[in-house]
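I am opening a notebook on a structure I have not looked at before. The entries follow the order in which I looked things up.

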Amino acid sequence: EKDARRIARAIVAARAQAPIATTVQLAEMIRGAVRGAGKMKIHPATRSFQALRIEVNQELAELEAALVAAEQLLKPGGRLVVVTFHSLEDRMVKQFMLRRSNADAAPSRHSPAALRADAASQQNTFILTPKQAIAPTEEEVGLNPRARSAKLRCATRTASPWNAVAA
């Protein structure tokens, strides 16, 4: 959140006056702290509430644990399909699938030789199917506007054994 400091100062100042009792109060306080709030398509507090939810529920740690568990539990030919709704989740899923499919097995030529050799020797536990994320069509977004930020990623489990070190 680019206005995080302004939002935090507004919250501290408001709490000095009286406790924040409702989410509506908090949302309006955030709206007042965010620059250009009137020009935004979505409510300015949306990102702040999302960040709070992610932190309180430890969603990124849970996602990482779920991906590793799926890798262990899926049989060869099984599919791991993940729908993400924001860039933090999507980046995490994308990087996991790339690492496990050796799609990023070509580290920089400036990396130490041992690191390059280690990456090349790892077995693929997944094959990306398809290689790119699938985004909703305009028609799907028209039917369900909340789908606008969704991305679907899919990988198929290979017969390679799960490697606890890679996890």
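The entries below go from the whole chain to single helices and then to single residues.

**Entry 1: the whole chain**

I note at the start that this is a predicted model. I counted the elements and found seven helices and three strands in the chain. I then wrote down their order from the N terminus, which is α-α-α-α-β-α-α-β-α-β.

Next I looked up the surface. The chain has an accessible surface of about 11,300 Å², and carbon and sulfur atoms account for 57% of that surface. Of the 167 residues in the chain, 28% are buried.

I also checked how contacts are spread along the sequence. Among contacts with a separation of 6 or more, 64% join residues 24 or more positions apart.

**Entry 2: helix 2, its buried side**

Which residues of helix 2 are buried? I found Leu26, Ala27, Met29, Ile30 and Ala33. Looking down the axis of helix 2, I see these buried residues within an arc of 160°, so they line one face of the helix. As background, an α-helix has 3.6 residues a turn, so residues three or four places apart point the same way.

I asked what the buried residues of helix 2 pack against. Their partners are helix 1, residues 4-17, and helix 3. On the face turned away from the buried side of helix 2, I found the exposed residues Val24 and Gly32.

**Entry 3: helix 2 against helix 3**

Two packed helices are described by the angle between their axes and the distance between the axes. I looked up both values for helix 2, residues 23-33, and helix 3, residues 46-56. Their axes come within 9 Å and cross at roughly 125°. An angle between 115 and 145 degrees falls outside the parallel, perpendicular and antiparallel ranges, and helix 2 and helix 3 are therefore oblique to each other.

I then listed the residues that meet. Helix 2 contributes Thr23, Leu26, Ala27 and Ile30, and helix 3 contributes Ser48, Phe49 and Leu52. By type, the residues of this contact are five nonpolar, two polar and no charged.

**Entry 4: Ile11 in helix 1**

Since helix 1 is a partner of the buried residues of helix 2, I picked Ile11, which lies in helix 1. Is Ile11 buried or partly exposed? Ile11 has 21% relative accessibility and counts as partly exposed, because buried means under 20%.

Leaving out residues up to four places away in sequence, I find Ile11 touching Ile20, Leu26 and Met29. Leu26 and Met29 are among the buried residues of helix 2. I also noted the spacing of Ile11 and Ala33, which are 22 residues apart in sequence and 9.1 Å apart in space, C-alpha to C-alpha.

**Entry 5: from helix 3 to helix 4**

I looked at the loop between helix 3 and helix 4, where Gln58 is found. Gln58 is a residue other than glycine with a positive phi, near 50°. Its relative accessibility is 40%, and Gln58 counts as partly exposed.

In helix 4 I looked up Leu63. Leu63 is buried, with a relative accessible area of 17%. Not counting residues up to four places away in sequence, Leu63 touches Glu89, Met92 and Val93. The C-alpha atoms of Leu63 and Met92 are separated by 8.3 Å, and the two residues are 29 residues apart along the chain.

Helix 4, residues 59-73, also holds Gln72. Gln72 counts as partly exposed, at 42% relative accessibility. Between Gln72 and Pro161 I noted 8.6 Å in space, C-alpha to C-alpha, and 89 residues in sequence.

**Entry 6: two loops**

Where is His86? I found His86 in the loop between strand 1, residues 79-84, and helix 5, residues 87-101. His86 is buried, with a relative accessible area of 13%. Setting aside neighbours within four places in sequence, I list Gln50, Arg53 and Ile54 as the contacts of His86.

The last loop I looked up lies between strand 2, residues 126-128, and helix 7, residues 138-143, and Pro130 is found there. The peptide bond from Thr129 to Pro130 is cis, and its omega is near 0°.

How values were computed: Residues numbered from 1 in each chain as written. Predicted model: local features only at pLDDT ≥ 70, side-chain atom pairs only at ≥ 80, totals over all residues. Heavy atoms only, no water. Axes fitted to C-alpha atoms, helices over the stretch in contact; angles between N-to-C directions. Helix = DSSP H or I, 4+ residues; strand = E, 2+ residues; numbered from the N terminus. Parallel < 35°, antiparallel > 145°, perpendicular 65-115°, else oblique. Contact = heavy atoms within 4.5 Å. Nonpolar A, V, L, I, M, F, W, Y, C, P; charged D, E, K, R; others polar. Buried < 20%, exposed > 50% of the residue type's maximum accessible area, 1.4 Å probe, protein only. Areas by Shrake-Rupley, 256 points an atom, 1.4 Å probe, with all protein chains shown as cover. Arc of directions from axis to C-beta.
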